[in-house]
Structures are given as structure tokens and as C-alpha cells.
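Visitor: I am new to this structure and should like to learn how to read its features. May we take them one at a time?

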Amino acid sequence: MAKRVRVEACQEKVQKLLDEGEFYTAQQMYQTFTFRFVKRKDYESAVALLRIGVNALLDHNQYHSASELGSLYIKQLDAGDRALDDETANNISSIFEKFCQAGETTLQEQNKFIREAITWSRKFRSDATPQTHPGLKGTVAYKGCPRFLVLYGDALMRRGEYAAAQEVYAQGGHVDKAVGATFKFASGLPQSDLDLALCRQVLFFLSEGNLKLANAAFSTVDEALFPAYKAPLVNFCKFLLLTLEYHAGDLFASLRTRYRPSLERDPALMKQLDKIGHIFYGIKPQGDMISNLLS
């Protein structure tokens, strides 16, 4: 109760500045009050005031100042060992959506805030964490809260950044949205390159160790885009998924060799396959082996 009163008292003082249009001074005062709370180890009050401050500045279209307070907000969540509970997730999601409402004028602030939130969320794992395939030989880094990743993917989709959204949705483990991004990405490609869109999405899921969702994405996109003719990378994905299902490491290497000309149409695909080989079979990427020899 006492903490809430202190936060409300601080907000009343800042509100006068907001009403007078003194936004920079208001930002500085929010920061001053925050540092006083932090000095007393009162992270709960610091986080509460910063959340109010970010929203207040966003309501006044002060996006740069809101972004700076937003960074401090995430930093104090971390410093105070705040749990990633529903309330905190809702607050972060609401702030990000407010940034997004301003459209392209706040792209830098949108990216900064959600990326910082995702980075902070990596210290947590939950039942909502995308499931990896059993028996993996390499570790898969946790990319962050699936909810935040999907929010970021949605923002990328609204901007028309479909290729980037493919990867972010895969990291968040959301197959339906990933497939939607794949269709959008494919719509801007010539017929001869449609298989690249499919292959990218399959490999993104496999890079997360998620064979189940890779299979689901493949089936949906294959049926829609390749009902008759099977382009080279469509066949490659089909054989790759079967190879990984049955843990056939020798076939994995031979598939890469056989389909190299098609894979090299997009250099990023070979890098993804390096990750997949490490995750599923413990194969070190060629670059790592060269580094080890030189060290």
C-alpha cells in the first residue's frame, strides 16, 4: 500500500509537467524518481513508475523519450529479478502495441523495445517453450518468450518484411503464422524460386530443433504451392525431413552434396544446414573445424 502511494505521488508531480508540454523534463523526472527507488532496492516501485511513464509519454506521442524509459523499464525488470508472469507479459505487450500504433515513424523504437524484451525473457523457460525433437546431439538456444516473438513477427508482417517474419515465427514456435509469412514471401518471387520460400521455412524450424513443426509447415506449403511439379528444393526438404526422423547422419551429408547447386541459390540455406547438422548429429560446422586447426 505504501509503495503504491509513493508511486502515485511521483506520478502526480510528473503529470503537471506532461500537462504543460514539458516532456523532456518529465522524462528526466521519471528517471530521477526511478533511481531513488533503485537506490533503496525498491524495484517494484521503480518498475511500476516506469511502466506508467512509458505509457504516459506514448499517449503524448513522445516516442523517443518513451523508448528511453522503455529500455530502463526492461533493465529494472531484470535488476529486480521480476518474474515473467502474465501481468508483466501483458504490460510489455501493451507497450509494444502502442509503439506500433504510430506506424513507420517509430520503427526504430519498436524494434529496440521488443528486442530488449525478448533478450530479457531468455532467462525464463516455460511450458510454452517450443518443443524440440528428442535425441538431439547439440543444444538449441532459447530464443525468448514465444508471445513476444510472435508479436515481433506480427509487426514484421505489417511492414511487409515477410522473410524476417518467417524466422521470428519459427523461433516462437508458431507454425500457422510462419506458414502465412511463407505464402506472403512466396507471392513476391518468380515461379522458379517458390521452392526457396518453402525451404527457408522448413530449415528455420529445424534450426530450432523442431522437427514436428518443420513437417507441418512443409505439408501445408507443399500442398498449396506444389500440387504437381516438385521443384528441387521441395524434394530436398522431403528427403531431409525423413533423414532427420530416422537419425540417418550419412544421408544428411549426401543430401547436402547432391542438392548443393540448388541450395547455393541462397547462401543462407547452407548456413542453416550447418546449424541443423550440429543440432541433430553433433556435426561441427566447417568454419569451426578450421578455427580449431588454426588455434
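Visitor: How many salt bridges does a search of the whole structure find?

Guide: This is a predicted model, and a search of the whole of it finds 15 salt bridges. In such a pair, a side-chain nitrogen of Lys or Arg lies within 4 Å of a carboxyl oxygen of Asp or Glu. One of them joins Asp 193 and Arg 265, with 3.1 Å between the closest N and O atoms. This pair links distant parts of the chain, 72 residues apart: Asp 193 is in the loop between helix H9 (175-187) and H10, and Arg 265 is in the loop between H14 and H15.

Visitor: Are Asp 193 and Arg 265 buried, or are they partly exposed?

Guide: The term "buried" is kept for residues under 20% relative accessible area, and "exposed" for those over 50%, with "partly exposed" in between. Asp 193 has a relative accessible area of 23%, and is therefore partly exposed. Arg 265 is partly exposed because its relative accessibility is 34%.

Visitor: Which residue forms a salt bridge with Lys 230?

Guide: The partner of Lys 230 is Asp 222, and their closest N and O atoms are 2.7 Å apart. Lys 230 is partly exposed, at 31% relative accessible area, whereas Asp 222, at 13%, is buried. Salt bridges may also share partners: Asp 78, Asp 81 and Lys 123 are joined into one network in this way.

Visitor: Where is Glu 161 placed, and which side chain does it meet in a salt bridge?

Guide: Glu 161 is in the loop between helix H7 (146-159) and helix H8 (162-172). Its side chain meets that of Arg 159 in a salt bridge, at 3.8 Å from N to O. Glu 161 counts as partly exposed, with 33% relative accessibility, and Arg 159 is partly exposed as well, with a relative accessible area of 21%. One may also follow the backbone here: the C-alpha atoms of Glu 161 and Ala 181 are separated by 8.8 Å, although these residues are 20 apart along the chain.

Visitor: Which residues is Gln 110 in contact with, leaving aside its neighbours within four places in sequence?

Guide: They are Phe 96, Phe 99, Cys 100, Gly 103 and Arg 159; the last of these is the salt-bridge partner of Glu 161. Gln 110 itself is found in helix H6 (residues 107-121). Its relative accessibility is 3%, so Gln 110 counts as buried. A polar atom of its side chain lies 2.9 Å from the backbone oxygen of Gly 103.

Visitor: How does one read a helix such as H5, and which of its residues are buried?

Guide: The general idea concerns direction. An α-helix has 3.6 residues a turn, so residues three or four places apart point the same way. In H5, the buried residues are Thr 88, Ala 89, Asn 91, Ile 92, Ser 93, Ile 95, Phe 96, Phe 99 and Cys 100. Their cover includes helix H3 (43-59), helix H4 (63-79), H6 and H7. One can also check the span: at 1.5 Å a residue, the 16 residues of H5 (residues 86-101) should span 22 Å, and the end C-alpha atoms are indeed 22 Å apart. Just after H5, Gly 103 takes a positive phi of about 75°.

Visitor: What covers the buried residues of H15?

Guide: Their cover includes helix H10 (194-207), helix H11 (211-225), H12, helix H13 (249-258) and helix H14 (260-263). Among the buried residues of H15 are Leu 269, Leu 273, Ile 276 and Phe 280. The expected span for the 15 residues of H15 (residues 267-281) is 21 Å, which agrees with the 21 Å between its end C-alpha atoms. Gly 282 follows H15, and its phi is positive, near 70°.

Visitor: Which residues form a nonpolar patch on the surface?

Guide: Phe 239, Leu 242 and Tyr 246 form it, and together they have about 340 Å² of accessible area. Phe 239 lies in helix H12 (residues 232-245) and is partly exposed, at 34% relative accessible area.

Visitor: How many helices and strands does the protein chain have?

Guide: The chain has 16 helices and 0 strands. Of its 295 residues, 48% count as buried. Its C-alpha trace spans about 70 × 40 × 35 Å along the principal axes. The accessible surface comes to about 15,000 Å², and 53% of this belongs to carbon and sulfur atoms.

Methods. Residues are numbered from 1 along each chain as its sequence is written. This is a predicted model: local features need pLDDT of at least 70, side-chain atom pairs count only at pLDDT 80 or more; totals for chains, interfaces and linings use all residues. Side-chain values use heavy atoms; hydrogens and water are left out. Helices (H or I, at least four residues) and strands (E, at least two) are DSSP runs, numbered from the N terminus. Buried means under 20% relative accessible area, exposed over 50%, partly exposed in between (1.4 Å probe, protein chains only). A polar contact is a pair of N or O atoms within 3.5 Å; within protein, one must be able to donate a hydrogen and the other to accept it, and residues adjacent in sequence count only if both atoms are side-chain atoms. Contact means heavy atoms within 4.5 Å. Patches are made of residues with over 30% relative accessible area and no salt bridge: like charges are joined within 9 Å, nonpolar side chains (Val, Leu, Ile, Met, Phe, Trp, Tyr) within 5 Å. Accessible areas come from the Shrake-Rupley method with a 1.4 Å probe; for residues, only the protein chains shown count as cover. The expected span of a helix is 1.5 Å times one less than its number of residues.
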